[in-house]
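Hi,

Here is the structure I promised you. Have a look at it first, and then read on for what turned up.

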Amino acid sequence: MGDNVHGAFLSQKIGKVRWKTEFGVDAETFVTGSWDNEENQLILWYYPPLSELQEEEYLDAYPQVVYEQQFEGDVTELKFVTNNKFLVSSSFGRVQLFDILDRTQAAKAKLREVITWDTCHYFKTGERSSCTGIATFEEDVATIGEDGRINLLSLHSERLVRVIDEADTSSLRCTCFLKHNELLTGNLRGHMKIWDLRSHEDKPESTFMLSGDQIGATCVIHHPTQRHLVLAGGEDGALTVWDLRHNTFPVTVLTAHSQSVSELQFHPDRPEHLFTCSANGEIWHWNTSSISRNSAIGSASDMSVIAGIEDNPWLNPDVAKNRMEVYALMPAISQPINSFDLNRTRLVCGCDNEAVYVIKNLML
Amino acid sequence: MLFEAHSINAEHKDLIHDVAYDFYGQRMATCSSDQFVKVWDQDEHETWNLTATWKAHSGSVWKVTWAHPEFGQVLATCSFDRTAAVWEEIVGEGTAPGERGMRHWVRRTNLVDSRTSVTDVKFGPKALGLLLATCSADGVIRIYEAPDVMNLSQWTLQHELSSKLSLSCLTWNPSFSRQHPPMLAVGSDEANQSLGSKVLIYEYNENSRRWAKTDSVPGVTDAVHDISFAPNLGRSFHMLAIATKDVRILTMKPRQDVVVQSGQPRFDIQTVAQFEDHYCTVWRVSWNVTGTILASSGDDGCVRLWKCNQMNSWKCVSVLKGDGTQACTISGAPTAQGTTSSAQTSSSAPSRKFAESAIEKSAPLTSMWQPAVIKGRFTKRTWIGAEPAPPPSAIDKSKSYARK
Amino acid sequence: MVKRFSSEGKDAKEDPSSSSQTILIPDELCEKAGLTLQWSGIGELGIHAFKHVDKLSIDNPSEFAPTDTFVHNLRTDSILFEPVIRKLVNESNGTFLAVQKLTPSTSARSETLALSRQYRSIVRACIENLQISELDKNTTYKLTPQQRQHYVAIFYNIEFIWHLCEILFVDSVPGAVVLPHLLDWIRFHFPDTERAAGQILTGPLETGAELRNSDYWDVVIGLIMQGSLEPARALLRLHSNADSECFLQAESLLKTLPVFKVYGGLSTAEFRTRWHTWQTNVSTKVESGVFTSEKNLNTVMKIISGDESSVNDMKSHCETWYQLLVAMLLYKEPTVKTFELNRYATSCMGYFGGPERMKVLDEIIMDLFECNILEVIKKLHLSSDSGWAATHLTNLLHYCGRLNIDSQAYDSRLDENLLIEYGCLLMSHNSLWQVGVTYLDHCGPQGRACLELLLPRLKPGSESRTLKIIQIAAERDMPNTVNSICKVQGMRCLQRKRIGQALCWALKSQDPGFATHLADKLLLEYTKGGTFNCLDLLDNLGSCMLISDRLTFLGKYCEFQQLFRNGATREAAVLLTSLFTSKLCPKYFTLSLLMDSLPLLESTDVTLLSAEDTSNLLSCLEELADDCASSANQAAVMDKIKLIRLAMNKNLAKSLIFEACHPQILD
C-alpha cells in the first residue's frame with residue numbers, strides 16, 4: 001500500500017470509527033466499534049500524528065490498540081459530543097455515554113461509562129430493536145431505531161426527555177438536526193421527515209421523498225455552514241441534494257457509488273470538500289473548490305445572490321453534473337467500508353474486511 | 001473436524017424421538033414419548049432457552065418438523081395417536097417497554113385422515129407453496145395444501161396415494177424445475193423381502209395434475225427406516241441417502257428419452273456408496289446443508305459422518321459415540337442445572353467460549369505437525385511486500401457523474 | 001455449557017487418506033441407548049440419545065424413563081476463527097481476489113511470484129502476531145502457551161512448504177536452474193549458522209578465532225554447505241594459521257568458485273565447463289594432500305570438490321535430509337533441473353533412515369521434489385489449518401497452470417472443490433460469512449448454487465445485517481433469494497406487530513399474496529377502529545401499490561380520504577365512483593366504502609355524483625343488502641344500508657332533475 005495509507009487488521013468487522021478531536025492540533029486517538037461479531041468491542045486506538053515522530057519511525061507507525069471494552073450488540077453509531085465524551089448506540093436498542101480517561105486521569109487510557117439509557121428502542125413484543133442512528137445538537141440528543149421510534153435525550157439526564165413512539169411505520173435509518181428544534185429523519189423507503197420538536201403533536205412538519213423509486217436512505221447530513229443544504233446517501237449508491245429553503249424537491253441526484261452509501265461527511269474546516277464511502281468498498285473525495293473559486297471570480301458573491309445564481313456548487317445542478325472532481329482515496333476493497341471520519345488532513349475508515357485504514361495527506 | 005458444544009437438558013423425562021431445527025438453526029423443537037413438544041430458542045449469547053412446552057398429542061410424538069420461515073413460525077408433528085398437526089406461534093405484546101410478550105403455539109389444524117399411526121411428516125419445498133406430506137403405517141401418503149399461505153387453519157387433502165407397503169419415512173426432493181417435476185420418495189420398514197423394493201419414488205405430473213409412482217429403487221428389499229434427498233447444488237441428478245441394513249447413497253439421473261407412461265424406469269439409479277460399517281441396522285440419515293456430509297445413526301450406538309473426497313468416493317471422516325465415563329465431569333454441570341430449574345423456563349448455563357478451562361480447548365487438537373522451532377526471521381522489516389490491499393496510485397480516479 | 005468434546009484422533013501419519021476421528025459424547029444415556037445426529041443451520045448439529053421406535057413398538061415409556069435427556073448442540077470450530085488468525089483469513093482474502101484477476105498460464109510471471117510472496121508474508125505476519133500476542137497487554141484475548149505453540153507450528157510448516165512450492169512451481173520455468181533458490185530457502189529457514197558466523201565476525205577481528213570459538217569449524221562447514229562463501233572466507237582469514245600455504249591455497253580456490261547466476265550471461269553448458277575445470281583443480285589439490293595438515297580444512301575442501309566420501313561429514317552438519325540435499329547439489333550438480341531433484345532427494349533421504357523415518361513434513365517435501373502436487377495438496381488439506389493452505393496454494397497453482405495433471409480423474413477444477421469447502425466453512429461463521437462469499441464467487445455454477453443455498457440461511461440479526469445479505473444476493477442477480485429473504489423479514493415484522501414495516505418488506509419481496517394479506521389486515525382494522533395505523537406509508541405508496549389488487553384498492557382508498565380531507569370533494573367523488581366500478585373493493589369493506597359516499601350524497605353540490613354514478617353505487621348497495629339478508633344478526637348493518645339507500649335515492653332524484661335541466665353538463 002502506498003505511503004499515504006496505513007492499515008491495521010483487527011479480528012472484528014468495524015461498524016463505526018471516529019477521531020477524538022483536539023482543538024487546533026492533529027488528533028492522535030480514535031475509537032472504533034465492531035458489529036456482527038459474537039462479542040463486540042469498543043476499541044481505543046493510538047495513532048501518533050507525524051509531527052511527533054521522526055520521518056523514519058513514521059513509516060512503521062501503525063495504529064495501535066490502547067484499550068478494549070466489551071460491548072453488547074453491534075455498535076450502530078458513535079458520536080463525540082465533547083472532545084472526550086462520546087455517545088454510542090447498539091443493535092440491542094441501548095444508548096450509552098462514554099468518557100475517555102487519558103493518561104493524566106488514569107494509569108492508562110481507558111473508557112468509562114457515564115450514562116446508560118437502556119431499552120431506548122424495542123418492539124411491542126418486547127424484542128429489542130436496533131438503534132440505527134444518533135443526532136446531536138449541543139446538549140440535545142435524538143436517537144432513532146428500527147422500531148420507528150424517536151427518543152430525545154439530554155446529556156445531563158438519565159431519563160428520556162421525550163419519546164415519539166410511532167414516528168415512522170417503517171424502520172428509521174438516518175437522522176440529523178437541522179436546527180436546535182428541527183430534526184430530519186430518513187427511513188427504509190426513502191421517506192424523509194422533518195420534525196418540529198417544539199410541537200407537541202407526534203406528527204412530522206413535512207414529508208418528502210429521497211427518490212421516486214422508494215430507495216432507502218442510508219445517511220443524511222447538512223452543510224457545515226449552509227444548514228439548508230442537505231445531502232443524503234441512498235441504498236442505490238446515489239447522492240441526493242436538497243435546498244430546504246425553497247422546496248423539498250431534490251436539486252440534484254448524482255449517481256455515485258454502485259452500492260449503498262455507508263456514510264458521507266463534509267470536511268469540518270473546508271466544506272468545499274465532501275467525502276463518501278460505500279458498501280462496495282470505495283472511499284471518495286469530492287472536491288468542489290475549483291468550482292467555488294471560479295464562480296467567486298466570475299461574479300461578486302453578493303451579485304450572484306441578486307442574480308439568483310447559486311454560489312454553492314451543490315445547489316447548481318449543471319455544475320454538479322459536469323464539473324465535480326471526484327477522486328478515489330484508495331483502491332476499492334472487496335468488502336464494505338462502513339464508516340470513516342476526518343481530522344484535518346487525515347481520514348480513518350473502518351471496513352468489513354476487519355481492517356482500519358488511515359489515509360494521510362489528504363489533498364485539500 | 002473440531003466442534004464446540006453446548007449441552008442442554010431437554011427436560012423430557014424420556015428419550016427424545018426427534019429434534020428439528022429451524023431454517024437458521026436458531027430454534028429447536030423436541031418431541032418425546034411424554035406426548036409433549038418443546039421449543040428452544042438460542043439467544044445472542046448462544047444460550048438455548050426453553051420458550052414453549054405443550055402437550056401436542058395423545059400418543060408418543062414421532063416426528064416434528066419446521067416450515068420455511070416465509071410461512072411464519074410453523075411446526076408440524078405426527079404421532080402414534082394417528083394424527084398429524086400444524087402449529088403456529090403467536091406472540092403477544094409486552095405490557096412495559098422491552099418486556100417480552102407472551103408466546104404460545106396454537107394448533108391450526110389437526111389432520112385426522114389416517115387410520116393408523118402417522119410415521120412421518122414433512123413440509124414440501126417452499127416454491128411449491130405450503131404443502132405438507134404425511135405417510136402412515138397403513139401405506140398411505142397424503143399431501144395436504146394450505147391454499148392461502150397466510151391462513152394456516154385451512155388445509156385441503158390434495159392427494160392420497162396408497163403404496164400397499166407399511167411406510168416409515170418420506171423425503172421431498174428439494175429441487176425441481178422443468179426437467180425435475182416435484183418429487184418425493186418414501187421408505188417402508190416392511191421386513192418381508194419378497195414384497196420387493198422398499199423405496200418408492202413419486203412424481204407430480206403437471207398435465208394430469210396427479211402424483212404417481214414413477215419408479216422404485218432396485219436392490220433395496222430390506223426394511224428402510226429413514227430416507228433423505230440431498231440438497232441439489234446445481235447438479236443434473238438427484239442424490240438420495242437410505243438407512244436400511246446399511247447406509248446407502250444413490251444417484252438418480254433422469255432419463256431424457258423415457259416416456260413416463262411407458263413403464264420403463266424413469267431414472268438411471270446407481271449406488272455410489274454402501275457402507276456396512278455400523279455392522280447392524282441403520283436408523284437415521286441426515287445431510288448437512290450443502291449435501292457434502294451425511295450423518296448416519298446405527299444400532300451400534302454410533303453416528304458416522306461420511307464425506308465425499310476429490311475422487312468422488314465417500315469415506316467415513318468421524319465416528320461419534322456416547323461415553324458415560326466422562327458424563328460425570330462434563331455433562332455433570334447440566335444435570336445439576338437441570339434439577340434446579342424444573343420451572344417452565346430454563347436455560348443452558350451460558351458459559352462463554354474462552355472462560356472455560358483452556359486445557360480443554362487445546363486438548364482435542366490433533367496435529368500432524370511437529371512443534372516448530374522458529375528458525376526463520378519474522379519481523380515486519382523482512383516482509384516481502386505484504387500489504388492488505390494493492391497499492392493505491394495516490395489519486396487516479398476523476399470522473400464526472402451524470403445526473404439521474 | 002460450552003465444551004469441546006475430545007476426540008481420539010488417530011495420528012494422521014498412520015494413514016492420512018483414511019483417517020477418521022472418534023468423538024466421544026459425554027452422555028451416559030447416549031452410550032446406553034444409542035444416539036442420533038441432526039444437522040442444522042450452516043455447519044451446526046445436534047446430538048441426542050435415541051432408540052428407534054416403529055409401528056410395532058408399544059407406546060409406553062422406554063426402559064430408561066424417567067431419565068434426564070440432553071441435546072448436545074455442536075458447532076464446527078476451526079482455528080481460522082481464533083481472533084489472532086482471523087487477520088490471516090481477511091488479509092489473505094485480498095491476495096486471493098488479486099490472484100483471480102490473472103489468467104492461468106505456465107510461464108513464470110512476476111505477478112504470480114509477487115502474489116505468492118504476499119501469501120507467505122501474510123503467513124509470517126500471522127506467526128509474528130501469534131508470538132507477540134503473548135506480550136500485548138492491551139488486549140483481553142489470550143491464548144495458552146500450548147495453543148500458541150500449536151498454531152505457530154502449523155503456520156511455520158505451511159510457510160516452509162509454500163516457499164519450496166513457490167521455488168519449484170511458481171517461480172520457475174521447466175528446465176531452469178533451481179539451485180540458487182533452494183539455497184535461499186535453506187538459508188532462510190536455517191539461519192543458525194549465519195547467526196553464529198555473525199557473532200564470531202563481530203568479535204575481535206584478529207587471528208585465533210578457532211581458539212576463541214569452539215564452534216568455529218562447525219560454522220565454517222555450515223556456511224560452505226549453505227553456499228555462503230563470503231562469510232566462510234572471512235572466517236578462514238581469522239584462523240591462527242591463516243597465513244599458511246594450505247589456507248592461502250584454499251582462499252584462492254574459494255575465491256574463484258564459479259557461481260551460477262540465472263541472469264549471469266553464461267549458458268548452462270559454458271558454466272558447466274568452467275565448473276568442471278575448477279572442481280578438477282580442487283580435487284587434484286585435495287588428492288595431492290595440500291590440505292592434510294589441517295584436518296578440518298581438508299574436510300571443507302573435500303566437500304567443495306564434490307567427493308563422494310564427504311557425504312558423511314556433511315550429514316553430521318545437517319538437521320534434515322533436505323539440508324544435505326541442497327549442500328550436495330551445490331557441489332555435485334549445481335545446474336540441476338527441477339525434474340532431476342527427485343533422484344537426489346531419494347538418496348539423501350536414505351542417509352537419514354529412508355521413508356520409514358519420515359514425518360509428514362518430510363513426505364510433503366519429498367512429494368514436492370517428485371512434482372507430485374496432488375499428494376502435497378491432499379496432505380496439506382489434512383493439516384489442522386482447516387484447509388487454508390491447501391485452498392490458497394492449489395488456487396495459486398491453478399493460475400500457474402500446474403494443475404492440469406490427471407484432470408480427467410476429476411469432475412471439476414481441482415481447486416474449486418477446495419474453494420467451496422473453504423468458502424462454506426467461512427459462511428458458517430457468524431462474522432466471516434462475507435469473506436466466505438468471495439470464495440464461492442469463484443467456483444462456477446456450483447459455488448453459485450452454494451450461495452443461493454447459504455445466503456438465505458445466514459442467521460437473521462439487525463436489519464442492517466439483512467440489508468447487507470440482500471445486497472450481496474442482488475449484486476449476484478439472485479432475485480429469488482432476495483425475495484425470499486425479504487418475505488421472511490416481512491413475516492418477522494408482522495410477528496412484531498409492525499404492519500407498515502411488514503408491508504414495506506412485502507413490496508420488496510414482490511409477493512402479491514403477502515401484500516394482499518397485509519392490505520386486508522389494514523382494511524379490517526380500519527373497519528373496526530376507523531383509523532389506519534401506517535398512513536405515512538400508505539399515502540406514499542406510488543406505483544408499488546399495483547403489486548396486488550387489494551393493495552391498489554387500499555392505496556386508492558387512502559388517496560380518496562386524503563382528497564376528501566383536503567376538501568377536493570369533486571376529485572374525491574370521481575375516485576370513489578371508480579373504486580366501485582373497478583370492483584376492487586373487498587366485500588367486507590363495501591359497507592365502509594358506501595358509508596364514505598354519504599357526505600358526498602348529502603352534499604349540496606348535486607353534480608358530485610351523477611345519476612349514473614349513483615345508480616352504480618346503488619347496485620353495489622343492493623348486492624350487499626342481498627348478501628346480508630341471507631345471513632342472520634345483521635340488524636345493525638341493515639340499518640346502515642337503509643340509511644345509505646335513502647341518501648342514494650334522494651341524490652338520484654336530485655341529480656336526475658339536475659341533469660334534465662342542464663343537459664350541457666353531461667356533454
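A quick word on terms before chain C: the domain bounds used here come from an automatic or database domain assignment. Also keep in mind that this is a predicted model.

With that said, chain C is assigned domain 1 (28-75), domain 2 (81-175 + 371-416), domain 3 (183-336) and domain 4 (587-666). If you want a feel for the spacing, the centres of domain 1 and domain 3 of chain C, taken over C-alpha atoms, are separated by 69 Å.

One residue of chain C that I followed up is C:Leu238. You'll find C:Leu238 in the loop between helix 9 (229-236) and helix 10 (245-255) of chain C. Is C:Leu238 buried or exposed? It counts as buried, because 20 other C-beta atoms lie within 10 Å, and 20 is the number at which a residue qualifies as buried. Setting aside neighbours within four places in sequence, C:Leu238 is in contact with C:Leu205, C:Thr207 and C:Ala209. C:Leu656, on the other hand, is 418 residues away from C:Leu238 in sequence and 128 Å away in space, C-alpha to C-alpha.

Now to chain A. Its secondary structure adds up to four helices and 28 strands. The radius of gyration of chain A is 20 Å, close to the 21 Å that the globule rule gives for 364 residues, so chain A is as compact as a globular protein of that length. Along the principal axes, the C-alpha atoms of chain A fill a box of roughly 60 × 55 × 35 Å. Of the 364 residues in chain A, 52% count as buried. Counting contacts in chain A with a separation of 6 or more, 47% are between residues 24 or more positions apart.

There is also something from a record: an unreviewed UniProt entry annotates residues 210-252 and 254-296 of chain A as "repeat: WD". In the model, residues 210-252 of chain A are 0% helix and 44% strand, and the end C-alpha atoms of that span lie 11 Å apart.

Last, the place where the two chains meet. Here 40 residues of chain A are in contact with 36 residues of chain C. On the chain A side, strand 5 (64-71) and strand 17 (206-209) each supply at least two residues, and strand 5 of chain A gives the most, with four. What is the make-up of the side of chain A that touches chain C? Its residues divide into 10 nonpolar, 18 polar and 12 charged.

Cheers

Terms used. Residues numbered from 1 in each chain as written. Chains lettered and ligands numbered in written order. Predicted model: local features only at pLDDT ≥ 70, side-chain atom pairs only at ≥ 80, totals over all residues. Contact = placed C-beta atoms within 7 Å. Nonpolar A, V, L, I, M, F, W, Y, C, P; charged D, E, K, R; others polar. Buried ≥ 20, exposed ≤ 12 C-beta atoms within 10 Å, placed from the backbone. Rg over C-alpha atoms; globule rule 2.2 N^0.38 Å. UniProt positions renumbered as here; feature names shortened; annotations may be inferred.
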